[in-house]
Every structure is written in structure tokens, then in C-alpha cells.
Amino acid sequence: MNTNPLLVAYDTPFEIAPFEQIKPAHFMPAYNAAIKEQQENIKAITENTEEPTFANTVEALEYSNPLLTRVSNVFYNIKSANTNDSLNAIAKEIAPLLSKLNDDVFLNETLFKRIKTLYDQREKLGLTGEKGMLLEKKYQAFTRGGANLPAESKDEFRKINEELSLLTLQFGDNVLNETNDYMMIVDKQEDLAGLGKGQIDAAAKTAQDNGLEGKWVFTTQRPSITPFLQYSTNRSLREKLFKAYINRGDNNNKFDNKENIKKIVSLRVKRAKLLGYENHAAFILEQNMAKTPETVNDKLAFLMEKSLKVAKQEVADMQKMIDAEGGNFKLEPWDWWYYAEKVKKQKYDLDENEIRPYFELNNVVEGIFYTANNLYGLKFEKRTDLPTPHPDALSFEVKEADDSHVGILFMDFHPRESKRGGAWMGSYRKQEVNNGKNITPIITMVCNFTSPTDDTPALLSFDEVSTLFHEFGHALHGLLSKCQYYSLSGTSVPRDFVELPSQVMEHWAAQPELLKVYGKHYKTGEVISDELISKIQKSSKFNQGFMTTEYLAAAILDMDYHTLTETLDADPNHFEKESLAKMNLIPEIVSRYRSTYFNHIFSGGYSAGYYAYIWSAILDSDAFQAFRENGIFDRETANKFRKNVLEKGGTEDPMELYKRFRGAEPDEKALLNDRGLI
């Protein structure tokens, strides 16, 4: 009865974590045991009197923390998707302990000496492929982890890492709390004008869930705010909800993030300087495809110039409509979604509410499975007998065409207060080979899609459909990995390459052949018409000026913070305002993420890396061109993509992998064409 389920072998199908048995109280004892295990394994490596070899040093280090990996994979995935006060408290308790453990490894002089000895002899060792890459990555981890620092700097380095581990955690918690705390309560029927039945029903359900029977509640969660901004005719309420969204973390309350930003940015500058880099971006980008901040900034500036031209034309089109309607006001950011929807209706006769009934969630899921089956022969068998990380999560066993087991896929679709915003893929277990045995992956996809109501299933917007395809692309990258080592497998690739498998999948979503498979009316089963498909395709470049510009604004803001060479003393709002002014952002567009809720860069792993989405977009637009040329379900092309990208993880240089698939480096014209920027 008292056994800690995290400390014993999982007696479950596929050795999935027994989620129902795991309680918050189990984590700290499991972490303490895991830390002790790694400390003992590191001690064994450093006390080994034999000359260092790849096996007794590099591989021994790679396999030194199996329990820590297992416990952390469960803890952090659950904390992201289903947190509570206990888990938040544990995260704050464990962050400095893990920071210390990490530093104890990379600042261990004896261990580094063994690694360096092998690295200096690497040409003579005859290590090929993955083994050579593992040695390279381990050596870099030490040099980037402070191993070459003088003794007097190592204590400061440790303090910086510990403080950052807590500050980034606090930043994310604050954003979640701000999001959960806000409700816009509507109590007059006339204030719902313009909204569809699905949106009104969802708002009524949210009100009911919060003890506000007979009213309607709108929140800053995407499935609530986006359709409200698109369809509500009440301009003052659009403004109210929009401002609540963009001011998260900036309300001068206990969840305010401005001081956290100043500290995080400043500590990152100090750490980069200690390690000999000009700034944090130089430190981060050294390991990415882009290599330098200059390369990134040049690319972002080039694309911003093109997207701003298109965005300004979009503003003119919307202002013309406002004036024609006698609107007597200037377009503001809270008007953009509403008037963009009206212009789309005028130009393409397409209304989001007209196509939503064809995108019932379960049908779209069948569509992504159909895609993977036609490309890679994969089969997805729904399982109801497996442990799941949350009662809402679905589980699937993924199989090859010959029925051999590939891995497990969880899908968790709808918002809840315990789940952070956005959509992501994670791994409860990554693929690796251990003691000659192939360990199969356990992957999770987590989203925040429109929820079902009492009488209507979950009907997705086309944007949500694209998000589902996107996260499924990440999932395939994790599921189809065929690597030897955990730290190189699956999505363990440079940040500006990791979005290629996800973003390339989005291209399939709007293909007529596939829309006919998953686009079925939820009431009648009627297949989406050629006319509607034609409208979706014709409107594919619509609003791309806005979409690209608001994204680029956030990517440039990220780079501006992380190319600072001195600590940040300015108020982040002032810094942000100056950054946006320098990039000539027009007042009708707000950066996709304002600083105070920019989780990607201040809480996630995308600092000096948010540019990666557009960098990968150059790759994915060019990559999909191969399928356009050969057929969207061409098996030979799909097999080349699988063998050279999806299976390879971080075992080789990503550009070499890409060129092996495509035959050449990517041409950015494909991206500019896809987005209507040329």
C-alpha cells in the first residue's frame, strides 16, 4: 500500500506510467531517489581508474539518470496539462535542486577532464554517426554548462542558474493565473449580437460552471476570445476582452511579470558574458541552424518589410469597409478580427461559422490518421484499457502496416483551469535503445480547442484544424524516431529545425483530396462541397499580412531582448514600445505576444528562438513542394522524408538531413508564395 509507483517498474501495458496511482506526495521522494541515483552513477564514472573510453565515460554519462528522466517526464507533462497548488509548490521546491544537480555534473572537473580527453582524441577514436554526435553534444554541454569557467566564477554561475529556474517557473504560473482569473460577464441578450449558437452555448456553459446561471461568460482562453473578436458586433466589449488578453501579466497585481522579465533578461546577459558570449542570443543560436543573431535579424527584417506592405493593404481594405458602413472611427487592434472576417465574407463569400460544422473534432482526428496511414502506412488503434494522464485524454496504440508496435499516443483536446494555454507535444517516454532493447515512445498531444456543448460536439475553426495537424507532425517526429541515444532521439534537434515536421503537416489540412475525407457535416454526414473547398483554398492567403506581421513582431521583440549586452534596467513596457517602433509596426497590429505573457521566451524553451517558426516555414514550404510535384500521398517522397528527417532525431546536421530529403537547400520563394507576400 505504501509503495511509491514512481520507484517501481510500471506493471501496466507498454509500461505506461500508472497515472491514477501517482499522487503529488510521491514526487519529492522519487526526485530525491533519482538525484541520489545520478550522483552515485557520476561518482562511479569519475572514480573509474581506467583510461576514459566512449563506453565508460560518454555512454555511462548518457545512461546515468534513468530514474530522473522517468520522474521528470511524468511530473512536467502533468504540471503543464493538469496542475494544482501541490504540483506548483513541488516545482518550486525541485527547481533549485535540479539546477544544482545539473551544475554539479557540468562543473565536475574530473568528469569534464575525461570527456575532454575523448573529445581531443575524437579524430583517432573512429566514432561514426551517432556516437560521434553524442560525444560532440556532451562536450558542448560541458563547455556551455560552465566547465571552462575559472573557480571564482562557478559560484556566480550556479546562483544565476538557480535563480533563472525559479523565475521562469514563476513567469508561467503568473500567466496561467491571470488567464484563469479573468471573466467577462455578459447579462444582456443583446450584447451577444453577431455570435453563433455554438459560441453563445459555450459562454452559457462557462457561466454555469462558475455559478452564474442565466448569464454568459467569455474568457481570454483562445476558444472563447477568438470567435468573440471575429463575430461580436459590440465594439466596446470587443475592446474590453481584447485588452484583458493583451494585459495579462501587466496589471500591477501579484501576478505581474514586469519585474520577472527584467530579472530573467538580466541574468541571461550575465550568464552569456560569463561564458564568453556577447549576449544570450549568441549563446543560444550557436547550436541552431541560423548560427548567429545577425543571420536571424536580417531574415526577420527582410520578411517584415514584405509582410508590412501586405498588412497595410489589409488595413486599407478594412478601413474602407468601416467608412462604407458609416463607422466614423479608425480601425483598432480589437476591430481587426471582426472586419477581417467581414472582408473575407465579401471577397470570398466564406464565413468561418459556415465551415465549422464540417470540422467535427473526431472526424478531423480521423483525417490526420488517414494522412499518416497513406504517407507512412501507420495504423492508430483506439485503446480504452490504458492508463491516461487525465480522464479527458484519449489513448491510441500506433502500429506499422505489419501490425508491429510503434508507440502510444495520448490526445488531450480541451481547455481547463489546470492546463496552460496553447498547444504542444510532449514525451512521457522517448524512443532509445538501451542494453540492446528498443524502448518505444509514449507521446502526448495537448491542445485547447473549442469544447463540446450539451447538444453540439466540438466543432473546430480551420485555424484549430491546422493546429491539430501541426501538433500531430511533432507527434510523428517523436513516434517514428529510430535513434540509439535518448538525448539525440525524436524532437531533440535544433529549435529552428524542430518545427519542420509539425509545420509541413499543416499543408495537408487544406488539400481537397483530404478535406473530402474528414470534412463531413456533423449533423448530416454530408461531405464538404467542392464550392466550399474552393473558397477555403482561394482564401488561404487572406489576412497573411496580419498573421505574418504579428508573429514577426514577437520574434523581433524576442531577439531585441536577447541581443542586449547589458542588464535590462528599463521598464519592459517601455522596452517593448521602443522595439515595436524600431520595426515600424503599425498601430492596428499588436505583437502576437506582448512581453508579460510571452511564455515561449520567458518560461518555455524558445528564448532567442521564437524566430524558429518562420525559419522552419522556409523549410516546410519548400519540403511540401516535393509532395506537390510527386503527389500529396506519394509513398516514395514520404519514405524519403521519414528516413531522412522523422527517424533521425538530432543524430546529424539538420541541413544535411534536409538536403538528403530534398536534394538541395530550401528556396524561400515557396514560403513567400504560400503566404501571398510576393
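The following paragraphs describe the pockets, cavities, salt bridges and selected residue environments of a predicted model.

The structure is a predicted model in which local features need pLDDT of at least 70 and side-chain atom pairs count only at pLDDT 80 or more, whereas totals for chains, interfaces and linings use all residues. Residues are numbered from 1 along each chain as its sequence is written, and side-chain values use heavy atoms, with hydrogens and water left out.

Empty space was examined with a probe. Rolling a probe the size of a water molecule over the atoms shows where empty space is left. On a 1 Å grid over the protein atoms alone, a cavity is a set of points where a 1.4 Å probe fits but cannot get out, while a pocket is an open set with protein on both sides within 12 Å along at least five of seven lines, and lining residues have an atom within 4 Å of a point. Grid points are joined across faces, edges and corners, and a volume is the space filled by probe spheres set on the points.

The second largest pocket encloses about 1,100 Å³ of space. Its lining comprises 43 residues, of which Ala-202, Ala-203, Thr-206, Thr-450 and Ser-451 are the closest to the pocket centre. Secondary structure elements are DSSP runs numbered from the N terminus, helices being H or I runs of at least four residues and strands E runs of at least two. On this basis, helix H8 (151-181), helix H9 (197-209), strand S2 (216-218) and helix H10 (222-231) each contribute at least two residues to the lining of the second largest pocket, and H9 provides the largest share, with eight residues. Residue classes follow a fixed scheme, in which Ala, Val, Leu, Ile, Met, Phe, Trp, Tyr, Cys and Pro count as nonpolar, Asp, Glu, Lys and Arg as charged, and the others, Gly among them, as polar. The lining of the second largest pocket is thus divided into 16 nonpolar, 17 polar and ten charged residues.

Two cavities of 30 Å³ or more were found by the same rule. The largest cavity holds about 60 Å³ of space and is lined by Asn-77, Ala-81, Asn-82, Pro-389, His-390, Ala-393, Asp-412, Arg-416, Tyr-428, Thr-444 and Val-446. Helix H3 (66-81) and strand S9 (442-446) each supply at least two residues of this lining, in which five residues are nonpolar, four polar and two charged. The second largest cavity has a volume of about 30 Å³, and its lining consists of Met-425, Ser-427, Lys-430, Gln-431, Gly-478, Ser-489, Gly-490 and Thr-491; by class, one of these residues is nonpolar, six are polar and one is charged.

Side chains of opposite charge can pair when their charged atoms come close. With a salt bridge taken as a side-chain nitrogen of Lys or Arg within 4 Å of a carboxyl oxygen of Asp or Glu, the whole structure contains 47 salt bridges. One of them joins Asp-120 to Lys-116, with the closest N and O atoms 2.9 Å apart; these residues are separated by about one helical turn, because they lie four residues apart in helix H5 (residues 109-120). Accessibility is classed as buried under 20% relative accessible area, exposed over 50% and partly exposed in between (1.4 Å probe, protein chains only). Asp-120, at 49%, is partly exposed, as is Lys-116 at 30%.A further salt bridge is formed by the side chains of Asp-335 and Arg-238, at 2.8 Å from N to O. Asp-335 belongs to helix H15 (residues 333-348) and Arg-238 to helix H11 (residues 235-246), so the pair ties together parts that are 97 residues apart in sequence; both Asp-335 and Arg-238 are buried. The side chains of Arg-592 and Glu-550 also meet in a salt bridge, with an N to O distance of 2.8 Å. This pair links distant parts of the chain, 42 residues apart, with Arg-592 in the loop between helix H23 (572-582) and helix H24 (599-602) and Glu-550 in helix H22 (residues 544-562). Arg-592 is partly exposed at 23% relative accessibility, whereas Glu-550 is buried at 10%. In addition, Asp-250, Asp-256, Lys-258, Glu-576 and Arg-594 are joined into one network by salt bridges that share partners.

Two individual residues were also examined, with contact defined as heavy atoms within 4.5 Å. Leu-672, in helix H28 (residues 669-674), is buried, with a relative accessible area of 4%. Residues up to four places away in sequence being left out, Leu-672 touches Phe-302, Leu-303, Lys-306, Leu-677 and Ile-678. The C-alpha atoms of Leu-672 and Ile-618 lie 8.5 Å apart in space, with the two residues 54 apart in sequence. His-521 is located in the loop between helix H20 (512-518) and helix H21 (530-538) and counts as buried at 16% relative accessibility. Not counting residues up to four places away in sequence, His-521 touches Pro-357, Tyr-358 and Glu-526.
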